[in-house]
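I opened a fresh notebook page for this chain and wanted to walk through it side chain by side chain. Here is what I looked up, in the order I went.

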Amino acid sequence: MKWLQDHEVAINLALFKRYQFYQIFNPNGSKLLNYDTYKLTNVMFIVAVTTYNIFSAMCFFTDTIDTIDSVDLLLMIFIYSIIIISLLKISVLLFNADQIWELFDLTRFDFLTSRQCRKNVGILCKYRDRSITITNLYQNYSTMVFIIWMITPLVLNTFVVVGGPNQRYHNIFNMQYPVSANIYNQYYYLFYLMEIAMGIFVLNYSMIVDNFLISLCWVIIAQYEVITTAFEKIGNDCELTTLQNEKNNNSFEAYEDLKSILMDQNKLYIKLKSFYRVVWIIVIFLIIIDSVLLIILTYSFVMICSSAESFSIFNILKISTAFFVFVIQLYLYCYLFDVLNDKKESVNFGLYCCDWTKMDLRFKKLLLLATKFNNANTLKIKSTPNKIVNLQLFSSVMTTAFNIVTVMLKTMNGKN
């Protein structure tokens with residue numbers, strides 16, 4: 001597959017090229033010692049981030065760690081969870097780089113080649129505009145949240161006096177390190193730059209991956225809508241006459257249309273299976289980790305609101321902005337997989353809406369076989385054997401998260 005251009009695809013390709021994400025999967029990219037330059041660079045970045053986090057976690061095994069209150073501990077768990085899910089996302093995609101490159105073919109406007117599908121390519125344009133708007137907003141909001149987190153410690157360190165030689169300066173994520181507070185404060189800007197690198201890593205390897213998977217979901221939804229509309233138009237876009245020869249010609253044309261659309265549907269189904277095979281582990285872990293993060297952020301927000309510290313407003317700003325990032329993230333995944341399942345199941349309705357009653361027996365037999373195949377196709381991503389990833393799951397996760405926070409707060413108040 002050649003280098004794609006923005007106007008050829010129904011995704012926000014300009015965004016992925018800007019963040020050097022599209023280039024990772026291009027097999028025709030530049031080489032260094034027979035290794036792909038972009039893949040090698042990203043693998044080295046993953047190793048560096050993993051090493052950095054191991055270095056940070058070593059603080060729990062040394063005597064240099066300061067006393068950590070419950071809120072700081074929860075926020076540390078929050079940060080480590082984000083980094084772990086970011087490492088998982090990019091590692092899974094790099095491991096399946098060939099399949100991801102093939103999935104870019106799915107985003108092309110000319111992916112579906114049947115006559116009826118080509119007539120409805122405008123549906124892809126509509127979804128493309130929606131996808132570009134949502135992915136740009138999500139990426140820009142995530143970047144804005146990181147900028148807020150990046151500025152906050154500088155403001156705190158400027159206007160809030162450090163309580164003593166054993167108190168560390170505030171940082172972006174306030175990660176702990178196996179060094180004394182004195183050494184940490186002396187080399188504060190070095191640690192500040194290291195945490196900036198962590199933030200950039202999350203933006204490039206978590207949010208941009210989310211935008212890519214969200215874009216693929218939109219494309220698959222759009223392609224299924226194209227197929228459903230194409231099925232509906234069979235026999236309805238031409239006038240059947242009472243003449244036998246005209247009727248036979250129309251039946252033959254409708255039969256050929258049905259065959260070509262079914263071939264397109266099978267091609268799309270193969271891509272869908274490949275997509276699910278790559279992303280299922282990301283989606284499952286993301287739902288689990290997002291659920292935990294929402295509990296942590298909500299509990300931390302309540303704890304900070306009840307704090308008497310004068311600078312707690314800055315922590316409230318950081319937590320509240322991050323909270324909405326993960327709510328939006330969880331909602332988009334659940335919503336899009338819900339819509340995708342509905343669009344896939346609506347294909348049979350499109351088959352039924354075609355003018356099959358006026359067709360010959362051969363057409364009706366093929367139509368029946370196609371309907372049976374679609375009924376047998378129950379390909380869905382499930383968080384558990386009985387729970388499908390959909391809006392109902394989102395509602396369940398949010399309800400459970402707030403119930404847990406309520407119980408934790410009541411327990412804390414009972415002890416006091």
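Is R115 buried, partly exposed or exposed? I looked that up first, keeping in mind that this is a predicted model. R115 comes out as partly exposed, because its relative accessibility is 30% and the partly exposed class runs between 20% and 50%.

**Entry 1: the partner of R115**

I followed the R115 side chain to a salt bridge with E253, where the closest N and O atoms are 3.0 Å apart. This pair links distant parts of the chain: R115 sits in helix α6 (residues 115–119), E253 in helix α10 (residues 244–305), and the two are 138 residues apart. E253 is partly exposed too, at a relative accessible area of 33%. I then noted that D257 joins in, since R115, E253 and D257 are linked in a network of salt bridges.

**Entry 2: other salt bridges**

How many salt bridges does a search of the whole structure find? The count is eleven, and I wrote down two more of them.

E225 and K343 meet through their side chains, at 2.9 Å from N to O. E225 belongs to helix α9 and K343 to helix α11 (residues 312–345), so this salt bridge ties together parts 118 residues apart in sequence. I checked the cover on each end. E225 is buried, with a relative accessible area of 14%, while K343 counts as partly exposed at 22%. The cut-off for buried is under 20%, so the two ends fall on opposite sides of it.

D110 and R108 form another salt bridge, with the closest N and O atoms 2.9 Å apart. Here R108 is buried, at a relative accessible area of 13%, and D110 is partly exposed, at 45% relative accessibility.

**Entry 3: a buried lysine**

Next I looked up K271, which lies in helix α10. Is K271 buried or exposed? K271 counts as buried, because its relative accessibility is 13% and buried means under 20%. What does K271 touch, leaving aside neighbours within four places in sequence? I listed E102, L103, D105, L106 and F111.

**Entry 4: the nonpolar core**

I turned to the largest nonpolar core, which has 137 residues. Those with the most contacts inside this core are F78, F104, F275 and F337. Helix α9 (residues 188–233) gives the most to the core, with 27 residues.

I picked F275 for a closer look. Beyond residues up to four places away in sequence, F275 touches L103, L213, L216, C217, I220 and F337. L103 was already in my notes as a contact of K271.

**Entry 5: I296 and I77**

I296 has its place in helix α10 and is buried, with a relative accessible area of 6%. Not counting residues up to four places away, I296 touches L74, I77 and F78. I also checked I296 against F323: their C-alpha atoms are 9.6 Å apart in space, and the residues are 27 apart in sequence.

From I296 I went on to I77, found in helix α4 (residues 70–95). I77 is partly exposed, at a relative accessible area of 38%. Which residues make the nonpolar surface patch of about 430 Å²? They are F60, F61, L73 and I77.

**Entry 6: what the record lists**

I pulled up the UniProt entry, which is unreviewed, and found several stretches listed as "transmembrane region", including 187–206 and 388–409. I then checked those two in the model. Residues 187–206 are 95% helix and 0% strand, with end C-alpha atoms 28 Å apart. Residues 388–409 are 86% helix and 0% strand, with end C-alpha atoms 30 Å apart.

**Entry 7: the whole chain**

I finished with the overall tallies. The protein chain has 14 helices and two strands. Of its 416 residues, 50% count as buried. Among contacts with a separation of 6 or more, 79% come from residues 24 or more positions apart. The chain exposes about 20,000 Å², with carbon and sulfur atoms supplying 63% of that area.

How values were computed. Residues are numbered from 1 along each chain as its sequence is written. This is a predicted model: local features need pLDDT of at least 70, side-chain atom pairs count only at pLDDT 80 or more; totals for chains, interfaces and linings use all residues. Side-chain values use heavy atoms; hydrogens and water are left out. Patches are made of residues with over 30% relative accessible area and no salt bridge: like charges are joined within 9 Å, nonpolar side chains (Val, Leu, Ile, Met, Phe, Trp, Tyr) within 5 Å. Accessible areas come from the Shrake-Rupley method with a 1.4 Å probe; for residues, only the protein chains shown count as cover. A salt bridge is a side-chain nitrogen of Lys or Arg within 4 Å of a carboxyl oxygen of Asp or Glu. Helices (H or I, at least four residues) and strands (E, at least two) are DSSP runs, numbered from the N terminus. Buried means under 20% relative accessible area, exposed over 50%, partly exposed in between (1.4 Å probe, protein chains only). A nonpolar core is a set of buried Ala, Val, Leu, Ile, Met, Phe, Trp, Tyr and Cys residues joined through side-chain atoms within 4.5 Å. Contact means heavy atoms within 4.5 Å. UniProt positions are given in the numbering used here, feature names are shortened, and annotations may be inferred rather than shown by experiment.
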